[in-house]
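Open the model in your viewer and keep the selection tool at hand. This tour goes stop by stop.

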Amino acid sequence: MDAYDIFKKLTKGLTFKHKVLGIKNNELESKATSAKKGKVEKIDIKQELSENESLQEESENEENKLKEDSDCTLSDKDEELQLIDGVKIGKKKRMKKEKPQDLKKKLELEQQNHFRNEHGIKAVGRHIPAALKDFAELSDRYNVQSAMMDTMVKCGYNDPTPVQRQALPCMLEDRQILACAPTGSGKTAAFLLPILHTLGAPQGGPRALILCPTRELAAQIHREALRLSASTQLRCSVLRSIKMSKIKEREATFRKSDIVISTPNRLCYLLNQDAVNITLEKIRWLIIDEADKLFEGSADQESDFRQQLDQIMGACGHKQRRVAMFSATHTPAVAKWCRHNMRGLINITVGQRNAATGLVDQELLYCGNESGKLLAFRQLVQKGLKPPVLVFVQSKDRAKQLFKELIYDGINVDVIHADRTQTQRDNVVRSFRVGRIWVLICTELMGRGIDFRGVNLVVNYDFPPSAISYIHRIGRAGRAGQRGRAITFFTQDDVGNLRSIASVMKQSGCDVPEYMLKLKQNPNKRKKLMKKAPHRDSITTILGKRPDKRKLEELKESEKKSKDTKEIKSAKDKKQRKIQDGDTTEKQINFKKNNKIKKKLDKKFKGNKDNKNKKIKEKPLLRKKAK
């Protein structure tokens, strides 16, 4: 059995684009053609000569090709046919000459990628616009007005930050983005500048909506928008406290404004009101700041950011609506939603994902218990604090307790939490910015997006529930290129979440003990901590008994109560009754019960006898009277 027969059986029913070349194959073909021609009656001599000449030419070409290529070609460049195990027939790849235009494009792409790598920018997507080298490129590439460029310089924007270099051209070219950049990297200006340029002149009705998780952050974005929109005629407004008396005023300002900044809860409340006529159909740009916070929880939970966001997205019914999301941390929930709902998405990440800024010096301080935390903080005050200082606690009650303790230590201290009114919160933030307050005690409320210039120290009095909240907390320091410091207190109860925060610290270049990175983690405990903060002792300096002694006393009291009280089965609802004689048993109790019951029965029996005797005595008296 020849190789040709094997080849014939293997390739039965197959079709090839190119003819199978080879000396043996051509000889066999010539024999087959001569046999067929012998059967035919009429043969033309001219045709035979021409066929023989063509066969010779083909054989010569084949010999030249065999010198160049060792194997016979069966298909295109990438296709190969295996005749027998270990024997392959294929064609060598030939390099095509590229056009000069394609070479130029490749060089430009390489230069752009090199520039992004220098600034720590990573962009993923199709047809990504080139990053900005200077703000001057905005006027050349996108025809940004010179008046806006002047206002940017007045506001202090001289050189673009890494986020602004990539986010500005993407949004100006009408692309949807998900940007993840460290705290204090200029994300607010990265989405405000393209919106102000694309909206142009006012047209009546809101065309850009900016959502953020807290009212303080909304007020901060509004201040920055007013500064940058000074050269334009666009109106920017923020939804403040909504009362029934002021709903009509809010409706009027909403209709007049071009850019609206709000929290999701307030906007949903306005949309659900029947008396209010507000629409979001003209919204061209929807910006979601601190997107990871707004996507916490699930769409099934009521009164949740996620559910409110879905309602707002449904109300924005413009065909050319674009969405841009900004955050300092990256979460899978946000990334999944963006992939499914944002067409032509570009992912922009600056530096490492979920990493703290390198401008903050981070420390971990073991305090033993809750009283040790207060002592450690007072020691920091004695050594000398450089105000302004932010102190984070886990709840409103603990914030009040710490405020009561520190107010008598000669420090200008104040507290901010959700129980305080809006005016009180605004006054506290204003006085902290001015410098009247040195130490501000706050909850997780202030850990998102608030920009306090020049915060020197952040103290995590209570251990943060997750690595993401830790990154946002310490991000209040080290903003706009300035150095900062962060100290985190921890006790034995916080060991479960210590490893994740130690790894964040190591990523940012801080020294961390090795035992912290080798600690075992319990995922169930971490999930519980994310949902609910752990129980902690109250913050007080009042001398009390040690917790060990308290437990012993509680046990003794419970034992005494158990001796004094016993459950009586015959009693209604099985109530606990106190027994005067502590040594009485159940038999004695039952004996006393029986005696009481007997006495009652005897009284009833005696009563019945007396009544009968009275009736018998009364009958003869009546007879006498009748006579």
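Start with a yardstick: buried means under 20% relative accessible area, exposed means over 50%, and partly exposed lies in between. Keep in mind that this is a predicted model.

**Stop 1: Arg321.** Select Arg321. You land in the loop between α13 (305-315) and β9 (322-327). Is Arg321 buried, exposed or partly exposed? Its relative accessible area is 21%, so Arg321 counts as partly exposed.

Now show what surrounds Arg321. Leaving aside residues up to four places away in sequence, Arg321 touches Gln176, Ile283, Arg284, Met313 and Cys316. Next, add Glu281 to the selection. Arg321 and Glu281 are 40 residues apart in sequence. In space, they are 9.3 Å apart, C-alpha to C-alpha.

**Stop 2: helix α9.** Select residues 215-228, which make up helix α9. Two residues here deserve a click.

Click Glu224, which is found in helix α9. Its relative accessible area is 13%, so Glu224 is buried. Show the contacts of Glu224: Tyr157, Thr188 and Leu192, not counting residues up to four places away in sequence.

Then click Arg223, also placed in helix α9. With a relative accessible area of 41%, Arg223 is partly exposed.

**Stop 3: the charged patch.** Keep Arg223 selected and add Arg430, Arg433 and Arg436. Switch on the surface. Which charge does this patch carry? The four arginines, Arg223, Arg430, Arg433 and Arg436, gather in a patch of positive charge on the surface.

Notes. Residues numbered from 1 in each chain as written. Predicted model: local features only at pLDDT ≥ 70, side-chain atom pairs only at ≥ 80, totals over all residues. Heavy atoms only, no water. Patch = residues over 30% accessible without salt bridge, like charges linked within 9 Å, V, L, I, M, F, W, Y side chains within 5 Å. Areas by Shrake-Rupley, 256 points an atom, 1.4 Å probe, with all protein chains shown as cover. Salt bridge = Lys/Arg side-chain N within 4 Å of Asp/Glu carboxyl O. Lys, Arg positive; Asp, Glu negative; His and termini not counted. Charge placed at Lys NZ, Arg CZ, Asp CG, Glu CD. Helix = DSSP H or I, 4+ residues; strand = E, 2+ residues; numbered from the N terminus. Buried < 20%, exposed > 50% of the residue type's maximum accessible area, 1.4 Å probe, protein only. Contact = heavy atoms within 4.5 Å.
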